[in-house]
Amino acid sequence: MTVSPLPIAERISRLGTETAFAVSAEAAVWQAQGHTVYPFHIGDMDLPTPENIVEASFRALRDGKNGYCPNAGIPALREALAADVGASHGLELGPLNVAIEPGGKPVIGKFILALMNPGDEVFYPNPGYPIYESQIEFHGGKALPYGYVEGSDNFELDFDALEAQVSPRARLLIFNNLQNPTGAESSPAELERVAEFALRHDLAVLCDEAYWDTRYSGQSRSLASLPDMAARSVILYTFSKKFAMTGWRLGAAVGPAPIVDVIAKLNVNDESCSNHFIQYGALEGLTGDQSGPRDIVRVLKERRDVCVSLLNQIPGVSCFTPEATFYLFPNVSELMARKGLASYDHLRRTALEETGVSFCTRLHFGRALPDEKDAYVRFAYSGITVPLIEEGLGKLKAWAEA
Ligand SMILES: Cc1ncc(COP(=O)(O)O)c(C=O)c1O
């Protein structure tokens, strides 16, 4: 049945999507037609989940952990994650501060449902993970985008955009340090400025730290660790990237117990509980042998180095070297001018068809902001090997030079 006479609910018109999945579908069609595709478009991983995690999950399943479990997660995992995040953030956390979720993504909508009333205003990064805007608008909020600008060695948050939009209805700030898609990472001074802004305007903050452990040097820093911030912050934690578990679907909301309680109540209504037996795998991930996540970071770093070096050799392309995430957000304004390509879509389609290199553009991460001048695309290197990076970017360079 392809035609339905039933009207779709009005609220669905406000629901967005993750258009990177559409790029994947397009690349798959191109590949099915017999072409080679170099997949830089999606932040999924081609690396295996560490064996000790797989084994612990199987063991739990064989041991009868196939029924429902508590709505906020098994106590041992809540405890272990509270200890892990507490130690890395310098915070005193216990199991009541943790709600286990089926992925990090559900934390976004649940945070908004727990703290935003219809008509409230929410700051969110643009370019940014597209689900923020979708969930804000779906639940009747007003989405206020703030952007990033090029600094000396990475992107920096555009504070003017934040300050310019402040209004008495502003309630929430969504903040993604170690940022998708730009790879931006806040300096201590920037973090202090954001914290001061959140405190001045009495905002609740979602600290999306999906890439906290995906880092190559230095140490991740959290907005939630700054004075007076923990009481107003919910941290989005995910097992997806650190442990190459994107398809397992496991994450957590970490924050003040009363908010975590509300999120657990939303769990009861949405999915009852997260997948039971894999929580034992995640527990092993947090408390067992750490060579798996170390190997993942080592492989990703090798890819980052090759990718950055080759992208910067392409005429008209310039790219920072982020110390965290597995994304690069090169400026391609000159490349587009050089090739006479006026639109992002034209650039992306032409590159795919003439070189097989597949990537997302800035527009997959939100509508362009009014004063935006430069053009950017996103390269994810989490799902492509070094030899294929070399081959693909070699073709892209030859195409750019032609
Ligand atoms: C910034 C950001 N937040 C959250 C997520 C959600 O990841 P998951 O639902 O797999 O935990 C992603 C995934 O790509 C992301 O990039």
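**Notes on the model: loops, domains and ligand shell**

1. Start with Pro 127, which sits in the loop between strand 3 (121-125) and helix 5 (131-138). Keep in mind that this is a predicted model. The peptide bond joining Asn 126 to Pro 127 is cis, with omega about 10°.

2. There is another cis bond to look at, from Asn 180 to Pro 181, with omega near 15°. Pro 181 belongs to the loop between strand 7 (170-175) and helix 7 (188-200). For background, most peptide bonds are trans, and most residues other than glycine have a negative phi.

3. Leu 178 is in the loop between strand 7 and helix 7 too. It isn't a glycine, yet its phi is positive, about 70°. Leu 178 counts as buried because it has 26 C-beta neighbours inside 10 Å, and the cut-off for buried is 20 or more.

4. Asp 202 also has a positive phi, about 55°, without being a glycine. You'll find Asp 202 in the loop between helix 7 and strand 8 (204-208). With 9 other C-beta atoms within 10 Å, Asp 202 is exposed.

5. On the overall layout, the protein splits into domain 1 (10-48 + 292-401) and domain 2 (67-287). Their contact takes 33 residues from domain 1 and 32 from domain 2. On the domain 1 side, helix 10 (291-312) and strand 11 (327-328) each supply at least two residues, and helix 10 has the largest share, with 7. That side divides into 17 nonpolar, 7 polar and 9 charged residues.

6. Finally, the ligand: 13 residues surround it, and Gly 103, Gly 104, Lys 105, Thr 238 and Ser 240 come nearest. By class, the shell has 2 nonpolar, 9 polar and 2 charged residues.

Conventions:
Residues are numbered from 1 along each chain as its sequence is written. This is a predicted model: local features need pLDDT of at least 70, side-chain atom pairs count only at pLDDT 80 or more; totals for chains, interfaces and linings use all residues. Domain bounds come from an automatic or database domain assignment. Two residues are in contact if their C-beta atoms, placed from the backbone, lie within 7 Å. Helices (H or I, at least four residues) and strands (E, at least two) are DSSP runs, numbered from the N terminus. Ala, Val, Leu, Ile, Met, Phe, Trp, Tyr, Cys and Pro count as nonpolar, Asp, Glu, Lys and Arg as charged, and the others, Gly among them, as polar. A residue is near a molecule or strand if its C-beta atom, placed from the backbone, lies within 6 Å of it. A residue is buried if 20 or more other C-beta atoms lie within 10 Å of its own, exposed if 12 or fewer, and partly exposed in between; C-beta atoms are placed from the backbone.
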